[in-house]
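Student: Before we discuss any label attached to this model, could you show me the structure and then set each value against its definition?

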Amino acid sequence: MKFDTNNHSVFMLHYHLIMCIKYRREVMDEPISDRLREIFDSISPNYNITLEEWKHERDHVHVLFRGQPNTEMSKFINAYKSASSRLIKKEFPDIRKSLWKEMFWSQSFCLLTTGTATLDTIQAYIQTQGEKKGK
């Protein structure tokens, strides 16, 4: 539990967000992922959201963050996807070879509250995405 400046308790929920690139195109590399994370970090304070974990694969990203229960998550995610699509297409023009329309992200996304899983469990899951078993 956290407390705000007015001494009212503010409960923070943890969320696991998965966003896929349009058409599941495998265009995400380290520089693109780093820039997407920077954009997330710049927009999230406007929605009282704090990034906890970020991991990308070539065609999607896993994000663990915390936010207040009254945060309008769909508005935040739509604002993030819109801004990041525009900036990524502008800053990495080669992406247009694979994604010719304006959208970078698929319209759909998966947003889960962490439920009964511990944060360590979810962080370990995100950190190991993309790793092959037995390696």
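Tutor: Helices (H or I, at least four residues) and strands (E, at least two) are DSSP runs, numbered from the N terminus. By that rule H14 is found in strand β3, residues 13-21. This is a predicted model, in which local features need pLDDT of at least 70 and side-chain atom pairs count only at pLDDT 80 or more, while totals for chains, interfaces and linings use all residues. Residues are numbered from 1 along each chain as its sequence is written, and side-chain values use heavy atoms, with hydrogens and water left out.

Student: What is the order of the elements along the protein chain?

Tutor: From the N terminus on, the elements run β-β-β-α-β-β-α-β-α, which gives the protein chain three helices and six strands.

Student: Why is H14 called buried?

Tutor: Buried means under 20% relative accessible area, exposed means over 50%, and partly exposed lies in between (1.4 Å probe, protein chains only). H14 has a relative accessible area of 17%, so the residue counts as buried. Of the 135 residues of the protein chain, 41% count as buried.

Student: How many aromatic pairs does a search of the whole structure find?

Tutor: The search finds ten aromatic pairs. Rings of Phe, Tyr and Trp (its six-membered ring) pair if their centres lie within 6.5 Å, and planes under 30 degrees apart count as stacked, over 60 as edge-to-face and the rest as tilted.

Student: What makes the pair of F40 and W54 edge-to-face?

Tutor: The centres of F40 and W54 are 5.9 Å apart and there are 65 degrees between the planes, so the pair meets the limit on distance and the planes pass the edge-to-face cut-off. F40 lies in helix α1 (residues 30-43) and W54 in strand β4 (residues 49-56), so the pair ties together parts that are 14 residues apart in sequence. F40, with a relative accessible area of 0%, is buried, and W54 counts as buried at 8%.

Student: Why are F104 and W105 called edge-to-face?

Tutor: Their ring centres are 4.9 Å apart and their planes stand at 90 degrees, so this pair is edge-to-face. Both F104 and W105 are buried, and ring pairs link them into a cluster with Y15, F40, Y47, W54, F65, F76 and Y80.

Student: Why is C110 in no bond with the closest cysteine sulfur?

Tutor: A disulfide is a pair of cysteine sulfur atoms within 2.5 Å. The sulfur of C110 is 9.0 Å from the closest cysteine sulfur, in C20, which is too far for a bond, and the search of the whole structure finds zero disulfides. C20 is buried at 17% relative accessible area, whereas C110 is partly exposed at 30%.

Student: Which residues line the largest pocket?

Tutor: On a 1 Å grid over the protein atoms alone, a cavity is a set of points where a 1.4 Å probe fits but cannot get out, whereas a pocket is an open set with protein on both sides within 12 Å along at least five of seven lines, and lining residues have an atom within 4 Å of a point. The lining consists of N78, K81, S82, S85, R86, E102, M103, F104, W105, S106 and Q107. α2 (73-91) and β6 (105-113) each supply at least two residues of this lining, and α2 gives the most, with five residues.
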